[in-house]
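Here are some comments on the model you asked me to look over, set out as numbered points. They begin with the sheet and then turn to the helices.

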Amino acid sequence: MPYTPSGFFCDRLIRERERRDGEGSLNKPIRFNNQDYSVLRQECVHRKSLFEDDTFPATVESLGYKELGHKSNKVKNIVWKRPKEICENPQFIVGGASRTDICQGDLGDCWLLAAIACLTLNEKLLYRVVPSEQSFSEGYAGVFHFQFWRYGDWVDVVIDDRIPTFNNQLVFTKSAERNEFWSALLEKAYAKLHGSYEALKGGNTTEAMEDFTGGVTEFYEMKEAPKELYKIMKKALDRGSLMGCSIDSLVPARFETRTATGLVKGHAYSVTAVEECKPSQHKDAKVRLVRLRNPWGQVEWNGPWSDK
């Protein structure tokens with residue numbers, strides 16, 4: 001019989017007891033790094049000070065370890081700033097969270113941003129990950145929190161609102177609205193969960209979707225997809241599922257190369273809608289359309305049904 005350390009049994013029993021008490025559930029998420037958002041916020045309000053997170057400090061260590069590490073020229077001019085130092089009247093969410101609030105910055109995390117864009121299509125899921133009671137006005141203390149599904153538990157991740165900037169512009173994810181910051185702060189919380197911003201470089205959209213929902217994913221190769229794939233997609237979106245897609249690039253050097261129709265190989269897209277319509281010139285024929293969003297916020301499809 002193999003030897004198993006008794007500590008393993010103790011940890012497992014403690015974990016099972018916590019589960020019975022609701023620990024790790026949506027209503028009682030595990031506190032990441034044992035940081036309690038409500039307590040930290042109250043302490044800062046009482047002291048009239050802004051929160052500074054020493055577990056994910058505003059230093060190079062939080063940026064990365066190689067391309068964004070100490071010796072990299074990319075980090076030399078990065079300055080961590082709070083939103084109130086970047087613009088006047090910063091807002092957490094402006095006019096409701098939407099897919100245009102997510103524009104990719106200088107980090108290869110399109111896989112994550114494609115999932116966030118999908119998340120904005122379902123308010124119930126969105127505000128599970130992004131608690132909506134947060135703001136830069138009432139009770140502002142420089143502290144925010146976000147919730148993710150991690151190894152079978154919901155986890156609450158606390159951050160301060162110091163964000164990497166260059167020339168007073170956000171370096172990583174930003175919103176089309178200059179004074180909106182929920183997407184940048186969500187990206188920071190996800191980076192903290194993974195250890196650094198650089199740890200988010202490269203990934204699979206389904207990983208982020210699972211972390212946002214606690215759900216399971218299905219994957220279809222177009223060459224082997226079922227004939228009724230369109231109906232499957234339509235039903236999935238109607239039920240609030242998140243969906244993304246990409247064009248595989250077998251040659252690494254050709255990653256993120258643009259095709260003649262404006263699509264980008266080796267790049268993650270959000271699927272934000274599917275529709276059937278009848279063009280006036282084809283009265284009897286239905287055309288099936290799939291709407292995609294590029295996390296770059298630019299470089300669009302230029303084929304049939306494009307803007308022109």
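1. Two strands are taken to pair if DSSP finds at least two bridges between them. With that criterion in hand, and bearing in mind that this is a predicted model, one can look at an individual bridge: Glu276 has Arg288, a residue of β9, as its bridge partner. Strand β8, residues 269-277, is joined to β9 by seven bridges, and the two strands run antiparallel.

2. The sheet to which these strands belong is an open one of three strands, ordered β7-β8-β9 and paired in antiparallel fashion. The edge positions are taken by β7 (244-245) and β9 (287-293), each of which has a single partner strand, so that one side of each is left without a neighbour in the sheet. Helix α9, which spans residues 229-238, lies across β8 and β9, and its direction is at about 110° to β8.

3. For the chain as a whole, nine helices and nine strands are assigned, and buried residues account for 44% of its 308 residues. If one considers contacts between residues at least 6 apart in sequence, 66% of them join residues at least 24 apart.

4. Helix α5 deserves separate comment, since ten of its ten residues are buried and it is therefore largely enclosed by the rest of the structure. The buried residues of α5 include Cys110 and Cys118, along with Trp111, Ile116 and Leu119. Among the elements that cover the buried residues of this helix are α6 (123-129), α7, α8 (205-213) and β8, the last of these being the strand that is bridged to β9.

5. Two packed helices are described by the angle between their axes and the distance between the axes. For α5 (residues 110-119) and α7 (residues 182-194), the packing angle is about 125° and the axes are 12 Å apart, which makes α5 oblique to α7. The crossing in which α5 passes α7 is right-handed.

6. Which residues of α5 and α7 meet? On the α5 side they are Trp111, Leu112, Leu113 and Ile116, whereas α7 brings Trp182, Leu186, Glu187 and Tyr190. Sorted by type, the residues of the contact of α5 with α7 comprise seven nonpolar, no polar and one charged. The α5 residues in this contact, Trp111, Leu112, Leu113 and Ile116, are also listed among the buried residues of that helix.

Notes: Residues numbered from 1 in each chain as written. Predicted model: local features only at pLDDT ≥ 70, side-chain atom pairs only at ≥ 80, totals over all residues. Heavy atoms only, no water. Axes fitted to C-alpha atoms, helices over the stretch in contact; angles between N-to-C directions. Helix = DSSP H or I, 4+ residues; strand = E, 2+ residues; numbered from the N terminus. Parallel < 35°, antiparallel > 145°, perpendicular 65-115°, else oblique. Left-handed = near helix turned anticlockwise from the far one by under 90°. Contact = heavy atoms within 4.5 Å. Nonpolar A, V, L, I, M, F, W, Y, C, P; charged D, E, K, R; others polar. Buried < 20%, exposed > 50% of the residue type's maximum accessible area, 1.4 Å probe, protein only.
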